[in-house]
Amino acid sequence: MKRLFYLLLLLAGCLSLQAQKLPSAPSVLKAMHCANDYFIRKYPDPTVPTFVKKERPSNLWTRGVYFEGLMALNGIDLHEVNRDYVMRWANFHRFTPRNGIYTRDADDYCCCQTYLLMNRQRNIYPLSEEWDETISPTIACMENLLTPAPENMTPATKARYGSTSLHDWTWIDAIQMGLPVLTYLPVTLSYMDGTEGQRLDFAEHGYHMYVWTRDSLAGGLFNQQESLWWRDKDFVPPYKEPNGANCYWSRGNGWVYAALVRAMQSALDYKELYDNIPAEFHFNDYKRDFLLMTEALLNCQRKDGFWNVSLHDPTNFGGKELTGTALFIYGMAWGVNNGFLPRERFTPIIARTWKAMVKNCLRKDGFLHYVQGTGKEPKDSQPVGKNIEPDFDDYGLGCFLLAGSEVYQLVNHP
């Protein structure tokens, strides 16, 4: 009997190790292409406006996040159809933010992340336009963040944003939409002409915008004690979840976590060019917040590998949710790949969660289950479940592709 007991323990241990084993590289790519192919079949023309209650141009933020993910997929396994899909989209929009170069809304200039990466990779994306035509709209838009509101802004826009952009990011989603653009620009410009120190003021300004949201808005949207973020001023205490806990929305925290990754990656890309990280990138500040968030996120992960839409109240619309989960695994896998998180501790977590996402969220035809639609808190776009289509299905795929790209890197560099 005792022998049988030990055999069962050994078997349980073996099964546990097997469950924690990373997937194969081909299986990760297969899952990513399956989901992406479904999307491109559904939307074969990337230039067509979206329509959810109203018509919006296809360079809105939801599509911008999708192209972030597609660029990540192209970076590890380039298919001509996917490359052409990006190029048709960017050329159609003339590499311009949604609503033009005078916009001060981070949702509008989220798409510029992809424009900048394309310019940095002209060996992959053979753009016919000159450099100036493909990068100047982004520069002009970001210049407007560094200067007082121009006179040709409408009175309504001036009233909304005031004379300085430091207070523009009043919701944490904006950090992911905007911060990477400001940190990518110095790197892309350096790739462009090989000159060190190109427009580091953009990176510096992005950091100050981030710090205002983190530390000043409504007393600071980042709770230093719990290392998680309130979505905006409406959710800071005394606002509470039904169970009495602070309200931390999963995807909102995922946006910040992803933004920190992309800001730090910019600094590392710059270092690869010039063997240094200028102070304007504030790398160590972003890294500190990234590590604090990582520990806090681990403490509220579900046993099945997912995160609830409410990070501290599993009774408030609890259940599997893909977007927040994917963004967290994207960040954790990036942290391991770059040596900032211990491989031994995080690899089992990443492996378990990726397998759970593929098993539970990826339908055979490529449709993604358990994607919370647009909103700002746990109760929005409910119910979230199997075979329930969200209002926008592009950003959920973008999150999934971002996660897969880093899991693939982790598999390839054991």
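This passage looks at unusual backbone geometry and at an enclosed cavity in a predicted model.

Some backbone features catch the eye when set against the usual pattern. Most peptide bonds are trans, and a negative phi is found in most residues other than glycine. Two cis peptide bonds and two residues with positive phi are described here in turn.

The peptide bond running from P237 to P238 is cis, and its omega is near 20°. P238 sits in the loop that links strand 4, residues 228-229, with helix 11, residues 250-274. A cis bond also joins Q382 to P383, in this case with omega near 0°. For anyone following along in the structure, P383 can be found in the loop between helix 14 (343-361) and helix 15 (394-412).

The loop between helix 14 and helix 15 also holds N387. The phi of N387 is near 60°, which is a positive value in a residue other than glycine. With a relative accessibility of 47%, N387 is classed as partly exposed, because that value falls between the 20% limit for buried residues and the 50% limit for exposed ones. This loop therefore brings together the cis bond at P383 and the positive phi of N387.

A positive phi is likewise seen at R199, where the angle is near 50° although the residue is not glycine. R199 belongs to the loop between helix 9 (173-193) and helix 10 (200-216). Its relative accessibility is 26%, so R199 too counts as partly exposed, given that buried residues lie under 20%.

Attention now turns from the backbone to the interior. One cavity of 30 Å³ or more is present in the structure, and the largest cavity encloses about 130 Å³ of space. Its lining is made up of 13 residues. Those nearest the centre of the cavity are Y38, G366, F367, L368 and D393, a handy set to select when viewing this region.

Which helices each supply at least two residues of the lining? Helix 2, which spans residues 25-42, and helix 15 both do so. Helix 2 gives the largest share, with four residues of the lining.

In chemical character, the lining divides into eight nonpolar residues, two polar ones and three charged ones. Among the residues nearest the centre, Y38, F367 and L368 count as nonpolar, G366 as polar and D393 as charged.

Conventions. Residues numbered from 1 in each chain as written. Predicted model: local features only at pLDDT ≥ 70, side-chain atom pairs only at ≥ 80, totals over all residues. Heavy atoms only, no water. Buried < 20%, exposed > 50% of the residue type's maximum accessible area, 1.4 Å probe, protein only. 1 Å grid on protein atoms, 1.4 Å probe; cavity = no way out; pocket = protein on both sides within 12 Å on 5 of 7 lines; lining within 4 Å. Points joined across faces, edges and corners; volume = space filled by probe spheres on them.
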